[in-house]
Amino acid sequence: IFDIDETEIFYLVRKLGILKSRIIPVIGDIKDNTRLEAVFNEFLPQIVLHAAAYKHVPILEFYPEEALKTNLMGTKVLAEMSMKYNVEKFIFISTDKAINPTSIMGASKSAGEELLRIFNQKDKTRFISVRFGNVLGSRGSVVSLFKDQIKRGGPVTVTHPEMKRYFMITSEAVLLVLEAAAVGQGGEV
């Protein structure tokens with residue numbers, strides 16, 4: 001488990017620890033080539049599940065360079081390391097907002113998908129992207145905001161009245177990622 005957020009790693013390891021699995025927490029940033037090199041060299045991963053991202057649309061509109069640094073350049077660094085270390089499959093967690101993007105977050109994830117599609121043609125590492133809408137119960141999901149607004153007596157705010165939102169439960173999201181890893185041939189979204 002590789003993450004920049006040591007608190008989330010702590011809680012995840014504690015939660016998964018009851019399974020008595022061999023879980024090795026590693027703190028690092030996907031933009032840090034030196035750190036990634038050390039991790040890939042030590043663990044030689046066969047599959048990379050890439051979920052690192054900035055994802056809050058309104059906040060990222062104020063900091064577009066940060067969205068690009070993590071969502072695009074971080075993806076590039078992680079993908080290049082995966083190719084260098086002969087990772088078999090690289091699953092990129094994208095977003096429904098990458099379809100005809102209207103925000104920097106959507107554009108940065110769309111650009112990440114395109115980058116990986118190009119990388120897929122250049123190397124034996126298979127790059128596969130999966131797009132999610134809102135995962136119910138996930139950290140930062142709009143559902144938490146809606147619940148809080150309802151608890152306070154409303155109103156429930158929406159970004160735009162014609163905006164469509166797509167929801168899935170956590171187990172569906174996990175199944176989608178695992179299915180992409182199992183059957184993906186590379187280059188797909």
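I count two rings of Phe, Tyr or Trp as a pair if their centres lie within 6.5 Å, and with that cut-off I find that ring pairs link Phe-90, Phe-119 and Phe-127 into a cluster. The model I am reading is a predicted one.

**Entry: aromatic pairs**

My search of the whole structure for ring pairs returned four aromatic pairs. One of them joins Phe-10 and Tyr-11 in an edge-to-face arrangement, with 5.4 Å from centre to centre and 65° between the planes. I looked up how open these two residues are, and Phe-10 is partly exposed at a relative accessible area of 47%, while Tyr-11, at 44%, also counts as partly exposed. I then turned to Phe-40 and Tyr-85, whose ring centres are 5.9 Å apart and whose planes meet at 50°, so I note the pair as tilted. Because Phe-40 lies in helix α2 and Tyr-85 in the loop between α4 and β4, this pair ties together parts that are 45 residues apart in sequence. As for accessibility, Phe-40 counts as buried at 4%, and Tyr-85 counts as buried at 16%.

**Entry: salt bridges**

Searching the whole structure again, I obtained eight salt bridges, and I wrote up three of the pairs. Lys-84 forms a salt bridge with Glu-37, and the closest N and O atoms of the two are 2.9 Å apart. This pair links distant parts of the chain, with Lys-84 in helix α4 and Glu-37 in helix α2 (residues 33-43), 47 residues apart. I record Lys-84 as exposed, at 52% relative accessibility, whereas Glu-37 is partly exposed, with a relative accessible area of 22%.

In the next pair, Glu-66 forms a salt bridge with Lys-69, and here the closest N and O atoms are 2.9 Å apart. Because Glu-66 and Lys-69 are three residues apart in helix α4, they are separated by about one helical turn. The underlying geometry is that an α-helix has 3.6 residues a turn, so residues three or four places apart point the same way. Both ends of this bridge came out as partly exposed when I looked them up, Glu-66 with a relative accessible area of 26% and Lys-69 with 38%.

The side chains of Glu-113 and Arg-131 also meet in a salt bridge, at 2.6 Å from N to O. I note that this pair links distant parts of the chain, since Glu-113 is in helix α5 and Arg-131 in strand β5 (residues 126-132), 18 residues apart. Glu-113 counts as buried at 6% relative accessibility, while Arg-131 counts as partly exposed at 32%.

**Entry: surroundings of single residues**

What does Glu-113 touch, once its neighbours within four places in sequence are left aside? I find Phe-92, Ser-94, Thr-95, Ala-98, Ser-129, Arg-131 and Val-189 in contact with Glu-113.

Is Asn-71 buried or exposed? Asn-71, which lies in helix α4 (residues 64-84), is buried, with a relative accessible area of 0%. Not counting residues up to four places away in sequence, Asn-71 touches Ala-53, Tyr-54, Leu-60, Phe-92, Met-105, Ser-108 and Lys-109.

I located Lys-97 in the loop between β4 (89-95) and α5 (104-120), and its relative accessible area of 22% makes Lys-97 partly exposed. With residues up to four places away in sequence again not counted, Lys-97 touches Val-57, Met-105, Gly-106 and Met-163. I also looked up one longer separation, and the C-alpha atoms of Lys-97 and Leu-36, 61 residues apart along the chain, are separated by 28 Å.

**Entry: helix α7**

Helix α7 (residues 170-183) has 14 residues, and I read a reach of 20 Å from its first C-alpha to its last, close to the 20 Å expected at 1.5 Å a residue. Within α7, I list Ala-173, Val-177, Ala-180 and Ala-181 as buried. These four cover an arc of only 100° around the axis, which puts them on the same side of α7. On the other side of α7, Leu-175, Leu-178, Ala-182 and Val-183 are exposed. Finally, I checked what the buried residues of α7 pack against, and the partners are β3 (47-50), β4, β5, β6 (134-136) and β7 (167-169).

Definitions and conventions:
Residues numbered from 1 in each chain as written. Predicted model: local features only at pLDDT ≥ 70, side-chain atom pairs only at ≥ 80, totals over all residues. Heavy atoms only, no water. Helix = DSSP H or I, 4+ residues; strand = E, 2+ residues; numbered from the N terminus. Buried < 20%, exposed > 50% of the residue type's maximum accessible area, 1.4 Å probe, protein only. Contact = heavy atoms within 4.5 Å. Salt bridge = Lys/Arg side-chain N within 4 Å of Asp/Glu carboxyl O. Expected span 1.5 Å × (residues − 1). Arc of directions from axis to C-beta. Phe/Tyr/Trp six-rings, centres within 6.5 Å; stacked < 30°, edge-to-face > 60°.
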